[in-house]
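Student: Could you pick one loop for a close look, starting with the backbone there? After that, I'd be glad of a guided walk to other parts worth inspecting.

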Amino acid sequence: MELDPVLLARLQFAFTISFHILFPALTIGLSGFLLLLEVLWLKTGDEAFHRLARFWMKIFALGFGMGVVSGVVLSYQLGTNFSGFARATGNVLGPLLAYEVLTAFFLEAGFLGIMLFGWDRVGRGLHLFATACVAVGTMISAFWILAANSWMQTPSGYALVNGTFFATDFWAVVFNPSFPYRFVHTILASYLTAAFVVIAVSAWWTLRGEHKAAARHGLAFGLGLAAILAPLQIYAGDLHGLNVREHQPLKVAAMEGLWETTRGAPLLLFALPDPKTESNRFEIGVPKLASLILTHDWDGEVIGLKSAPPENRPPVMQVFWSFRVMVGIGFAMLCLAWAGALFLLRRSLERQTWLLRLLVWAGPSGFVATLAGWYVAEIGRQPWVVYGILRTADAVSPVPAGSILTTLLLFIAAYTVLLGAFLYYGAKLVRHGPDVPEVASVPPGAGSNRPLAATPGNL
Amino acid sequence: MPALDLPLVAALVLAFAVLMYVSLDGFDLGLGILFPLAGDDAERDRMMNSVAPVWDGNETWLVLGGGGLFAAFPGAYAALLPAVYLPIMVMLVALVFRGVAFELRFKAERSKAVWDRAFWAGSTLATFAQGVVLGVFIQGVNISGHDFAGGAFDWLTPFSLMTGVALVAGYALLGATWLIMKANGPLQERAFVWARLSLFAVGGFVAVVSLWTPLASEAIARRWFSWSHLPWLAPIPLATGLLGLYVVRALARKQEHGPFLGSLGLFFLSYVGLGVSLFPYAVPRALTIWDTAAAPESLKLILIGVAVTVPAILAYTAYNYWVFRGKTGATGYH
């Protein structure tokens, strides 16, 4: 069998970036939670907030470390795997990535040490400042990288000369048509992901009757946030969808499994799209609903896949089902968050073991929805790397397929070990829970003398 | 007034970023290389604690190197990385393992030894791979048009393997002299021994590279040995030799800061020497910095960002080091 270097280069990049996104998805939201806890601790002086911050900072440190090391990989993989892309887009996207390093990565890294290890070395105000810098840094990082990604989806502010992009207006490059939607959608996703992790851990403690104060706070913050953000996210997703329909109609056609351009298009609940026959098998749908959602009109027109030649269409099956997974989980998160918040308000959540169990199982939901959403966005962009202009097949490096396959296997092996280690040590931290106060009179920030808290790794 | 030569300025900025990376991540990778030589677990804890709050910032300079090359010299980024595909991938995976070891080692109990080994192997392999890439960079790559046109194993030469080992010795020297500053007692005594041994090795490698490079490349020989250049360039090897002697003496006198600063100086001078050999190539002997530079408006935007942010970055990085100054205690930073 002939190995296809284009497919392998894509698979390798898809694998490493999928692994990477799990960690920013957690840490962007979690850093905001840590910031909130530290502010509350400083304002109220309540040690419970401090202990909770110290606990979640350990999880944060674990996730952030994973994110950093898997992120460094990506900054070189653009060139190793997609040198054609790098050469063509360097003028436009290069400055965005350079600004990400200069304004975000250094800020995060520069204050992470103080945030994790500096509790006793700097004052409380300065520590709060370091935490804020890290939290803001994660947002700035998302800003630049999502601007670059969005430009690949909806390029603007450029001129194309002999196959090379030149920026004519950097403002238009950064604030390209899909960027504001993608940014809001992604940040909300990260906050929801972190909220459901906090909820799951707290629900698990509650079920076991352990770490009651930490569990109560975690449920209150997590469910409160999720109950507000989940509906906002659905609304933001809807707006994003309208934006995609305007700029990438074929992506929407793949999301909806729509082959013919149709007025009053149905919303398909189930279907097996088949590119060979250019039709769906086992179709189950709600008539006219897709048109209503996408055009806000029962008889609105939705572009079908067959409006473009086959070589310009994205892979339908993957986009269609990833979209359903994302939306399905999104609505499930909304139901769970509202149910949880309702019982929380009635002060009876601790007795609803069925719901607590569901909430534990929903812990990874944000990660799955985030990945599914990215698959919709990125597989839906195919066969283009810069939408409508540069084909992915023309962007890969002149590297033999064997090299790519070997290193792909290397990454799979390495990241499997890593994910296992993350889950194993994360579970260990969760089982151990927050450190209980040893002596009531320990001044805030003085730390404790217990051997478990004596090494920086235990932060 | 002549217009500013933007590619040249960008090349100097990028060279500065790489120098920062080599100096800073150099010593924390060096600690990883020396890790198995520590006397016991407590010493390994202290070695790791001495860099735990700063390693992430140190490694960020590598991301600036990669991202900066993409941004300022996309042509060089696109031509070089496929040429060193396998060593770069090995370096990245190795950095992953040594990076997570910082987090996981302290959380492990039974499996602590696993992460000890990951830290050592990851640091050593990453350093070796960087040295190999350096060797490839000195030797030049096979370019046709503006793309890499060689094979998957072009990077594998006696010279690049030698520079790989040389960099391991170099980072070990930085790691050992860093530890002299941060440790005391038996660990510091050990660090003095490690520093002497690695300095000896580094001296040998610097000499070999200095002779091998001009012998292997006529262009480099002409640059160093032509009479008109000699007065300008002769001070570089001279100063390197003198600084080497200074570090030997500082180690013999058991000075705490001199060896590290002197070793940084040795890296700086070797780096300048390489710069002299390779200027003005972005892809040695094939494409210059002007051939591969990004468009002027892109370079301008990048350089404005650099001018605004890098002073701030240097300031808060220095502050971070200041917060964690002094000897690293046995119990870490709590």
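Tutor: Happily, and one definition comes before the loop: helices (H or I, at least four residues) and strands (E, at least two) are DSSP runs, numbered from the N terminus. Please keep in mind that this is a predicted model. With that in hand, find the loop of chain A between strand E1 (158–161) and strand E2 (164–167), where Asn162(A) lies. Asn162(A) is not a glycine, yet its phi is positive, about 50°. Most residues other than glycine have a negative phi. As for its surroundings, Asn162(A) has 5 other C-beta atoms within 10 Å, so it is exposed.

Chain B offers a residue to set beside this one. Lys254(B), which is not a glycine either, has a positive phi near 55°. You will find Lys254(B) in the loop between helix H11 (235–252) and H12 of chain B. Lys254(B) counts as exposed because it has 12 C-beta neighbours inside 10 Å, and 12 or fewer is the cut-off for that label.

While we are on the backbone, let us turn to peptide bonds. Most of them are trans. In chain A, however, the bond from Gln382(A) to Pro383(A) is cis, with omega near 5°. Pro383(A) sits in the loop that runs from H12 to strand E7 (384–386) of chain A. In chain B, Phe279(B) and Pro280(B) are joined by a cis peptide bond with omega about 0°, and Pro280(B) is in the loop between helix H12 (258–278) and strand E3 (281–283) of that chain.

Now for the helices of chain A. The axes of helix H6 (residues 179–208) and helix H12 (residues 365–379) of chain A come within 7 Å and cross at roughly 155°. An angle over 145 degrees counts as roughly antiparallel, so that is how H6(A) runs relative to H12(A). H6(A) brings Ala189(A), Leu192(A), Thr193(A) and Phe196(A) to this contact, and among the residues from H12(A) are Phe367(A), Ala369(A) and Gly373(A). By class, five residues of the contact are nonpolar, five are polar and none is charged.

Another pair in chain A is helix H8 (residues 249–256) with helix H10 (residues 316–345), whose axes come within 7 Å and cross at roughly 70°. That crossing makes H8(A) roughly perpendicular to H10(A). Here Lys251(A), Ala254(A) and Met255(A) of H8(A) meet Val316(A), Val319(A), Phe320(A) and Phe323(A) of H10(A). This contact has six nonpolar residues, one charged and no polar ones.

Finally, follow Ala414(A) across to the other chain. Ala414(A) belongs to helix H13 (residues 401–432) of chain A, and it counts as buried because 20 C-beta neighbours lie inside 10 Å. Leaving aside residues up to four places away in sequence, Ala414(A) touches Val93(B) and Val96(B). The contact between the chains takes 63 residues from chain A and 62 residues from chain B. Helix H5 (85–107) of chain B is one of the elements that supply at least two residues to the side of chain B touching chain A; H5(B) gives the most, with 16 residues. That side of chain B has 38 nonpolar, 16 polar and eight charged residues.

Note on methods:
Residues numbered from 1 in each chain as written. Chains lettered and ligands numbered in written order. Predicted model: local features only at pLDDT ≥ 70, side-chain atom pairs only at ≥ 80, totals over all residues. Contact = placed C-beta atoms within 7 Å. Nonpolar A, V, L, I, M, F, W, Y, C, P; charged D, E, K, R; others polar. Axes fitted to C-alpha atoms, helices over the stretch in contact; angles between N-to-C directions. Parallel < 35°, antiparallel > 145°, perpendicular 65-115°, else oblique.
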